[in-house]
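Here are my notes on the model you sent round. They are set out as numbered points, to be read beside the structure.

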Amino acid sequence: MTDVRDSMVPLPQEPPPAPPRSGNAKVWLRRNLFRSPVDTAITLVFGAISLWLVYKTINFVFVTGRWDVIRANLRLLVIGRFPDAHVLRLVVTVIVLAGWTGLLAGIIRARQVISGRVAPQADRFSIRRVGDLAERLWIPAATVLLLLLLSSTAGPWVTAVAAVLAAIVGRALGPFIGRLKLNAVARIALIVALAAVPPALFFYIVTAVGFDGWGGFMLNLFLAVCAIILCFPLGVLLALGRRSSLPLVRIVSTAYIELVRGAPLFVLLLLANVALRFFVPDSLAPSTSTRAIIVFTLFTAAYMAEIIRGGLQSVPRGQIEAAKALGLSPARQTALVVLPQALRNVIPAQIGQLISLFKDTTLAGLAMGLFELLNVSGSITAQDAFVGQGLLGETLAFAALLFWAVSYTMSRESQRLEKRLGVGVR
Amino acid sequence: MTAALSTRVPLWRDIRVLKWLAQLVVVAIVAAILIWLWGNYTTNASRQNIPTNFNFLDNPASFQITGNSLSQNAPVRQALYEGFLNTLRISVAGVLAATVLGTLIGIARLSKNWIVNKMATVYVEAVRNIPLALFLVAGLVVVVLQIFPPITDAWDVAGMLVVSNRGVAVPWYVGSGYGLIVLGAVAGAVWWAVAQWRRSVSERTGELPRSGLWGGAAFVIVFLAVWFLLGYRVTTPEVVGRATDGGMRVDPSFFALFFALVIYTASHIAEIVRGSIQAVDRGQGEAADAVALSGFQKMWYVILPQAFRIAIPPIGNQYLNLIKNSSLGAAIGYYDLTLVSQTTVGNGSPAVPVFALTMAIYISISLVTSVFVNIANRRMALVER
């Protein structure tokens, strides 16, 4: 009975599409706001509440909020106490990174066209694609624009314009590089060169400023990106270990994952702050930022392992059997057949983990006193010019906006990717 | 014999030998790392004369826990226990409130009413993407210290709540707390027994069981009867001079932590509830419509029971997150397990044993919670078929 129904009617699992808004406004109102007396009452009550909230918000943003505290401390909030003499290095980094991202996007798109995964006409310039891009990126763009409007110097404007231009140039050049017919050596050289760009930029900054001069929102972003990249190899190893047929390996991996997942991150950070120096020789004693990265990496690796384990379980058995039938060694079965599919399946979950890690970087400020955005937001209200005026609401709202813009954009992109990868749809 | 020997796989290609070798290598590496860490720890600790044992547990704590009568001379052991109880308090309160709020918002996200739907969506999308620590600091500094009035003109909500920047005072019982737990357990047992009896009556006679109604009524009757017999009563708070009298004063730090944990976790639970409701076969809702159940009945008897079956594992995860996140209370001065450990380390207890103990307690709480979640999950799953 059930089988018959299932095979005949593909059940839509999404809610029915909302009634069209065009058409009669009166019909729309009746359908969406005044269905029944109860519904009318609910509409009136919640309408009043939401109007009050909207009024309060607008009032706070445009009338009562004292945003001069943000304006005066914008630089602290965004890059912390980064030394003046080396800000140029940051500017170069931002521009190069933008160009690099554009170039990478161009190359990948060209490869996709060549391999036939994307129709060539989809790559042409069109109004629709520009609109699509604007729809995807308007939130971060608006946030950056707000930051620029709050800044009192021309430097950030120049940087932003140069970065956008670099991204466009990179995206335009990418396809030419992607279409080149390269032999194996040249291809590997190209990949290595592209992969070397972010670490090179990192060392470009670190050689001048060191690692402890970082601060503000930049530090939050950096901690999250660093930890998510560093935790990846460990996460893969732990996931493979937990599914291994070797009992001792399995026990070790499972114990690590479960113990770390049972402990609060905040306590781990506190522990690392006071006790990590006991566990290494004095010569290796890590700085505060390094301690934070170590904890974030070890902590996230356990969660990453669980995500990847889910991906490993989603690879159909037939794939492994086929790999065996081809005579691949166990290591090659895993590296060439199972892992690529498993990792592809869990990209959205990994982005989710990145978002959560990104939000958790604020704990480094609370537990270790790192000068990240939340910490800056608190301490600038204690400056002579602003102390005791109850400005924490303003600075926290600003910090919340930055965190929200980045996390929300990432989660939207992850949803988009989920649809495109067709995860869960087989 | 010789032929058999010659066809045998050589030792270095025997898969069983290789497997054991691989395991030994892994265990050796892990053991080497652990031994190295332990060696460093003992050398560093002995060089700085820091004890590595747990004798500090009997030293006097020499600090006062806010809102607690524990004396300063009480041993660290007892202070940690009080901190553990505070962690349990905020966790239980937070889990209950976040579940209710999260479920309501999750349902509101599917509402056909445009305003309710949009408000819930904005709430979820805003709160989910902002760090919990921000809510925590905002809850303490902005809400309690800036928005709440001074005690002299505190808000009196219907004579039940007194809200001021010294915290929120709520109605509370007077009497033994342990007695109340026993009373709750007894009344709960009566509820269960009456519900069972009603179900068996319904099986025999075919009348409606109404086990929830009967059981609930029995619970209330037993609870109230014993409540008055044992001389329990409720006091409501009121402002007397510059303090509140009666009821229970909830500390600003507890309030802020509770506020932040509930707001934040509810947004995650709301998404889980929404996803689970959408995952319930649409035919179920249509069937409920077809037998003319009201909107509430359709939700309560048909959709939610099935949705919660799907939602239990992820919601259990959120409970675990909430319990672990409650450690953040230490940052705003709530004396939970974490802050007690931090303070006792500041007072000279050795850091590594203290935090090892703290971690072990948190991990035990997590494990016990996940055992309960698994039991709930299994019970719900059994209902299926």
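1. Which residue forms a salt bridge with Asp84(A)? In this predicted model, the partner is Arg75(A), and the closest N and O atoms of the two residues are 2.7 Å apart. Asp84(A) is exposed, at 59% relative accessibility. Arg75(A) is partly exposed, at 39%.

2. A second group of charges involves Arg242(A). Its side chain meets that of Glu258(A) in a salt bridge with an N to O distance of 3.1 Å. The pair joins distant parts of the chain, with Glu258(A) in helix 10 (residues 247–262) of chain A and Arg242(A) in helix 9 of chain A, 16 residues apart. Glu258(A) has a relative accessible area of 29% and is therefore partly exposed, whereas Arg242(A), at 16%, counts as buried.

3. Arg242(A) also forms a salt bridge with Glu306(A), at 2.9 Å from N to O. Here the separation along the chain is 64 residues, and Glu306(A) belongs to helix 12 (residues 288–314) of chain A. Glu306(A) and Arg242(A) are both buried. A network of salt bridges links Arg242(A), Glu258(A), Glu306(A) and Arg309(A). Over all chains, the structure has 15 salt bridges.

4. How many salt bridges are there between chain B and chain A? The count is zero. The rule does find 15 residue pairs in polar contact across this interface, both residues of each pair being at pLDDT 80 or more. On the chain B side, helix 2 (15–47), helix 4 (114–128), helix 5 (132–147), helix 8 (252–279), helix 11 (337–346) and helix 12 (351–383) each supply at least two of the residues that touch chain A. Helix 2 of chain B gives the largest share, 14 residues. By type, the chain B side divides into 35 nonpolar, 14 polar and eight charged residues.

5. As for the extent of the interface, 57 residues of chain B are in contact with 65 residues of chain A. The two chains bury about 5100 Å² between them, and 71% of that is on carbon and sulfur atoms.

6. Helix 11 of chain B deserves a separate entry. Eight of its 10 residues are buried, so this helix is largely enclosed by the rest of the structure. Among the buried residues are Leu337(B), Leu339(B), Val340(B) and Val345(B), along with Thr338(B) and Ser341(B). Gly348(B), which follows the helix, has a positive phi near 110°.

7. Thr52(B) lies in the loop between helix 2 and helix 3 (76–108) of chain B. With a relative accessible area of 37%, Thr52(B) is partly exposed. Leaving aside residues up to four places away in sequence, Thr52(B) touches Tyr41(B), Ala45(B) and Pro353(B). Its C-alpha atom is 38 Å from that of Lys19(B), 33 residues away along the chain.

8. Last, confidence. The model scores ipTM 0.85 and pTM 0.87. Chain A averages a pLDDT of 85, with 93% of residues scoring at least 70; chain B has a mean of 85, and 97% of its residues reach 70 or more. Within chain A, helix 9 (residues 216–242) has the highest mean pLDDT of the elements, 92, and helix 1 (residues 2–8) the lowest, 38. Residues 1–12 of chain A stay under 50, and the model has four contacts beyond four places in sequence for them. Where pLDDT is low, predicted coordinates should not be read in detail.

Key:
Residues are numbered from 1 along each chain as its sequence is written. Chains are lettered from A and ligands numbered from 1 in the order in which they are written. Side-chain values use heavy atoms; hydrogens and water are left out. Contact means heavy atoms within 4.5 Å. Buried area is the accessible area (1.4 Å probe) that two parts lose on being put together, summed over both. A salt bridge is a side-chain nitrogen of Lys or Arg within 4 Å of a carboxyl oxygen of Asp or Glu. A polar contact is a pair of N or O atoms within 3.5 Å; within protein, one must be able to donate a hydrogen and the other to accept it, and residues adjacent in sequence count only if both atoms are side-chain atoms. Helices (H or I, at least four residues) and strands (E, at least two) are DSSP runs, numbered from the N terminus. Ala, Val, Leu, Ile, Met, Phe, Trp, Tyr, Cys and Pro count as nonpolar, Asp, Glu, Lys and Arg as charged, and the others, Gly among them, as polar. Buried means under 20% relative accessible area, exposed over 50%, partly exposed in between (1.4 Å probe, protein chains only). pLDDT is the predictor's confidence in each residue, from 0 to 100.
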